[in-house]
Amino acid sequence: MRAWTHDRTVEAAGERTIVTDRVAFEPRLPLRVAGPLLKQIIQAFFAHRHRRLRRYFG
């Protein structure tokens, strides 16, 4: 990646916690055409991670 920014916020919501990830990226020139596919892959990765966090912490 040419540029990658990842911001995570963790907020208390009663007895729960809300985790929000914001990711912005700019692929290097050879991968620019794959940008939409990379976006889907990164979204799937973070969705998987959030499911694991929910399962671990309840």
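Reader: Leaving aside neighbours within four places in sequence, which residues is His50 in contact with?

Author: Happy to start there, and please keep in mind that this is a predicted model. His50 is found in helix H1. Once its neighbours within four places in sequence are left aside, the residues in contact with His50 are Val19 and Asp21.

Reader: Is His50 buried or exposed?

Author: The cut-off helps here: a residue is called buried when its relative accessible area is under 20%. His50 has a relative accessible area of 16%, so the word for His50 is buried.

Reader: How does Arg49 compare with that cut-off, and what does Arg49 count as?

Author: Arg49 also has its place in helix H1. Partly exposed covers the range between under 20% and over 50%. The relative accessibility of Arg49 is 38%, so Arg49 counts as partly exposed.

Reader: Which residues form the positive surface patch?

Author: Arg49 is one of the residues in this patch. Helix H1, residues 35-57, gives the most to the patch, with five residues. The full list is Arg16, Arg49, Arg51, Arg52, Arg54 and Arg55.

Reader: How far apart in space are Thr17 and His50, C-alpha to C-alpha?

Author: Thr17 sits in strand S2, which covers residues 16-26, while His50 belongs to helix H1. Leaving aside neighbours within four places in sequence, Thr17 is in contact with Val10 and Glu11. In sequence, Thr17 and His50 are 33 residues apart, and in space their C-alpha to C-alpha distance is 12 Å.

Reader: How many salt bridges does a search of the whole structure find?

Author: Here is a little background first. Side chains of opposite charge can pair when their charged atoms come close. One such pair is Glu26 with Arg32, whose side chains meet at 3.1 Å, N to O. For the whole structure, the search finds two.

Reader: Which residue forms a salt bridge with Asp21, and which strands does the pair tie together?

Author: The closest N and O atoms of Asp21 and Arg8 are 2.8 Å apart in their salt bridge. Asp21 lies in strand S2 and Arg8 in strand S1, residues 3-13, so the pair ties together parts that are 13 residues apart in sequence. The partner is therefore Arg8, and the strands are S2 and S1.

Reader: What do Asp21 and Arg8 count as, buried or partly exposed?

Author: With 17% relative accessibility, Asp21 counts as buried. Arg8 has a relative accessible area of 43%, so the description for Arg8 is partly exposed.

Reader: What are the relative accessible areas of Glu26 and Arg32?

Author: These are the side chains that meet in a salt bridge at 3.1 Å. Glu26 is partly exposed, at 33%. Arg32 is partly exposed too, and its relative accessible area is 39%.

Reader: Which residues does Ala24 touch, not counting residues up to four places away in sequence?

Author: Ala24 is found in strand S2, and with a relative accessible area of 46% it is partly exposed. Ala24 and Ile42 are 18 residues apart in sequence, with a C-alpha to C-alpha distance of 10.0 Å. Not counting residues up to four places away in sequence, Ala24 touches Ala3, Trp4 and Thr5.

Notes
Residues numbered from 1 in each chain as written. Predicted model: local features only at pLDDT ≥ 70, side-chain atom pairs only at ≥ 80, totals over all residues. Heavy atoms only, no water. Patch = residues over 30% accessible without salt bridge, like charges linked within 9 Å, V, L, I, M, F, W, Y side chains within 5 Å. Areas by Shrake-Rupley, 256 points an atom, 1.4 Å probe, with all protein chains shown as cover. Salt bridge = Lys/Arg side-chain N within 4 Å of Asp/Glu carboxyl O. Lys, Arg positive; Asp, Glu negative; His and termini not counted. Charge placed at Lys NZ, Arg CZ, Asp CG, Glu CD. Helix = DSSP H or I, 4+ residues; strand = E, 2+ residues; numbered from the N terminus. Buried < 20%, exposed > 50% of the residue type's maximum accessible area, 1.4 Å probe, protein only. Contact = heavy atoms within 4.5 Å.
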